[in-house]
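Here are my notes on this model, set out as numbered points for a reader who has the coordinates open. They start from a single residue and go on to the ligands, the helices and the chain as a whole.

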Amino acid sequence: MPQSPQNIMITGGAGFIGSHVVRLFVNKYPESKIVNVDKLTYAGNLNNLKDIENKPNYKFIKADIADLDKMREIIRENDITGIIHLAAESHVDRSIKDPFTFARTNVMGTLALLQAAKEYWDTFADKYDGKLFYHISTDEVYGALEITNPEGVKAPFTTKASADDHMAFGVEFFTETTKYDPHSPYSASKASSDHFVRAYHDTYDLPTIVTNCSNNYGPYQFPEKLIPLFINNILQGRNLPVYGKGENVRDWLFVEDHARAIDLIFHEGKPGDTYNIGGFNEWKNIELIKVLIKTVDKLTGKPEGTSDHLITYVTDRLGHDMRYAIDSRKLQEELGWEPSLQFEEGIEKTVKWYLDNKDWVDNVTSGDYEKYYDKMYSNR
Ligand code: NAD
Ligand code: DAU
């Protein structure tokens, strides 16, 4: 189990979830050195970390995780003893258009990091004691779930019911032992990277942990993902492109709750183990979109229903997974984690953040983003 203080490398720390993890670790562990390694792709933005960039225990290095020599150098020169690996290509729609970039970063990048960590930690007399390679993965590797149980009881369950109440419905959830069945190039690349992480554990005894989390939302999420894209579009009076019939179900978790889970698992998780992370918070896309519209209209002082007309049903995503739903009871029972926010609260907090940070949105949605946006949605 890694003890603080130590030298922790966080990859993808300039992205959405990574920036929340970096902020939490830099503030919570002032004696530890936090090294953020990020290539700064379109999704990476150092403005996400303005509030901590001058802290003495923080260092940023611009690098590509698929560059093995560079990873060796960074790990050696910074005497890295813990790695939290979030860097990835993360958007399913982009993976459908360009699978190769996903294989390169998500598979080869993860492999390069594993190898570089192993080589450096092999030089220690006590080898892997106190070291940890923690890989952040997704629920999408498990495939897709049905909406109904055999008796026809329907998910989603957006109630505030307990985990056991959810199970009592008899509808399937993803557990840590669910067989991998990825469908998109994104989830196939994440599944492959998970397998490499476990292979380094099983073959070389490298201390690794994998966590599979459900959909995150919150501040600093790049506005190509459903929630920030739709908040931004509602604010601009742009159409809201709902894929298919809007009936797909996702399980939503506030990003700071994910970051807290990562902290807990990094310090108290069992090497070799897998933990699922999710808040038992399933929403059908169209229902979630209605909550979003209502919240944005309310917070911008518009009468209820003003933006409803923006909903536009468009061609479905290729291979669109119907439902994701995480069973996170292992994490809750073994390590005592639980989500801190109810969904409506988290959505309100998120919408307020986007309203208060229009400069951030303008900054990331200028230039190439406009071209990307037009290409993605003009033909729908
Ligand atoms: P993101 O796209 O917002 O950020 C990814 C970061 O990785 C960016 O800062 C980018 O610059 C960096 N990056 C990309 N390629 C790189 C490379 N070759 N070398 C170094 N850095 C590189 O992603 P996110 O939504 O914050 O997701 C972070 C991680 O969490 C990913 O591994 C993703 O698969 C996983 N995850 C995300 C969610 C979610 O809902 N967003 C849910 C579960 C798991
Ligand atoms: O489940 C975890 C995963 O969640 C992460 O691993 C991924 O990195 C993350 O991007 C997310 O994947 P999804 O594909 O579920 O998220 P996205 O926000 O792209 O889409 C959420 C749902 O909304 C999905 O059913 C597709 C739908 N959608 C999305 C967009 C962008 C639309 O209907 N219209 C849209 O314009």
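1. Thr274 has a relative accessible area of 10% in this predicted model, and because that value falls under the 20% cut-off, Thr274 counts as buried. Thr274 lies in strand β10, which covers residues 274-277. Its side chain makes a polar contact of 2.9 Å with the side chain of Arg198. Arg198 also appears among the residues in contact with Thr274 once neighbours within four places in sequence are set aside, and the others are Tyr142, Glu176, Val210, Asn212 and Lys330.

2. Gly12 can be read alongside Thr274, since Gly12 likewise counts as buried, at 10% relative accessibility. Gly12 sits in the loop between β1 (7-11) and α1. Leaving out residues up to four places away in sequence, Gly12 touches Gly18, Asn36, Val37, Asp38, Leu86 and Ala87. For a distance that can be checked directly, the C-alpha atoms of Gly12 and Ile84 are separated by 9.1 Å, although these two residues are 72 residues apart along the chain.

3. Which residues come closest to ligand 1? Ligand 1 is surrounded by 29 residues, and the closest of them are Ile17, Asp38, Ser90, Tyr186 and Lys190. Asp38 is also one of the residues that Gly12 touches. For Lys190, a polar side-chain atom lies 2.7 Å from an oxygen atom of ligand 1. The backbone takes part as well: a polar backbone atom of Thr41 is 3.0 Å from an oxygen atom of ligand 1, and a backbone N or O atom of Ala88 lies 3.5 Å from an oxygen atom of this ligand. Of the 840 Å² of accessible area that ligand 1 has on its own, the protein covers 96%.

4. As to where the shell around ligand 1 comes from, the elements that give two or more residues to it are α1 (16-28), β5 (132-138), α6 (185-204) and β7 (215-217). The largest share, 3 residues, comes from β5. Sorted by class, this shell has 13 nonpolar, 11 polar and 5 charged residues.

5. Ligand 2 has 25 residues around it, of which Asp139, Tyr186, Asn215, Arg317 and His320 come nearest; Tyr186 is also listed among the closest residues to ligand 1. A polar side-chain atom of Asp139 lies 2.5 Å from an oxygen atom of ligand 2, and an N or O atom in the side chain of Arg317 is 2.6 Å from an oxygen atom of the ligand. For the side chain of Asn285, the corresponding distance from an N or O atom to an oxygen atom of ligand 2 is 2.9 Å. The protein covers 95% of the 680 Å² of accessible area that ligand 2 has on its own.

6. Both α7 (226-236) and β8 (240-243) supply at least two residues each to the shell around ligand 2. By class, that shell has 11 nonpolar, 8 polar and 6 charged residues.

7. Why can helix α8 be described as largely enclosed by the rest of the structure? The description holds because 11 of its 14 residues are buried. These buried residues are Val255, Asp257, His258, Ala259, Ala261, Ile262, Asp263, Leu264, Ile265, Phe266 and His267. The geometry of α8 (residues 255-268) can be checked too: at 1.5 Å a residue its 14 residues should span 20 Å, and its end C-alpha atoms are 20 Å apart, which agrees.

8. Helix α11 (residues 343-356) has 14 residues and reaches 20 Å from its first C-alpha to its last, close to the 20 Å expected at 1.5 Å a residue. Its buried residues are Phe343, Gly346, Ile347, Thr350, Val351, Trp353, Tyr354 and Leu355. The cover over them includes β7, α7, β9 (249-254), β11 (282-284), α9 (285-299) and α12 (358-364).

9. For the chain as a whole, there are 13 helices and 12 strands, and 56% of the 380 residues count as buried. Among contacts between residues at least 6 apart in sequence, 84% join residues at least 24 apart. The accessible surface comes to about 15,900 Å², of which 49% belongs to carbon and sulfur atoms.

Methods:
Residues numbered from 1 in each chain as written. Chains lettered and ligands numbered in written order. Predicted model: local features only at pLDDT ≥ 70, side-chain atom pairs only at ≥ 80, totals over all residues. Heavy atoms only, no water. Helix = DSSP H or I, 4+ residues; strand = E, 2+ residues; numbered from the N terminus. Buried < 20%, exposed > 50% of the residue type's maximum accessible area, 1.4 Å probe, protein only. Polar contact = N/O pair within 3.5 Å; in protein donor to acceptor, adjacent residues only side chain to side chain. Contact = heavy atoms within 4.5 Å. Near = heavy atom within 4 Å. Areas by Shrake-Rupley, 256 points an atom, 1.4 Å probe, with all protein chains shown as cover. Nonpolar A, V, L, I, M, F, W, Y, C, P; charged D, E, K, R; others polar. Expected span 1.5 Å × (residues − 1).
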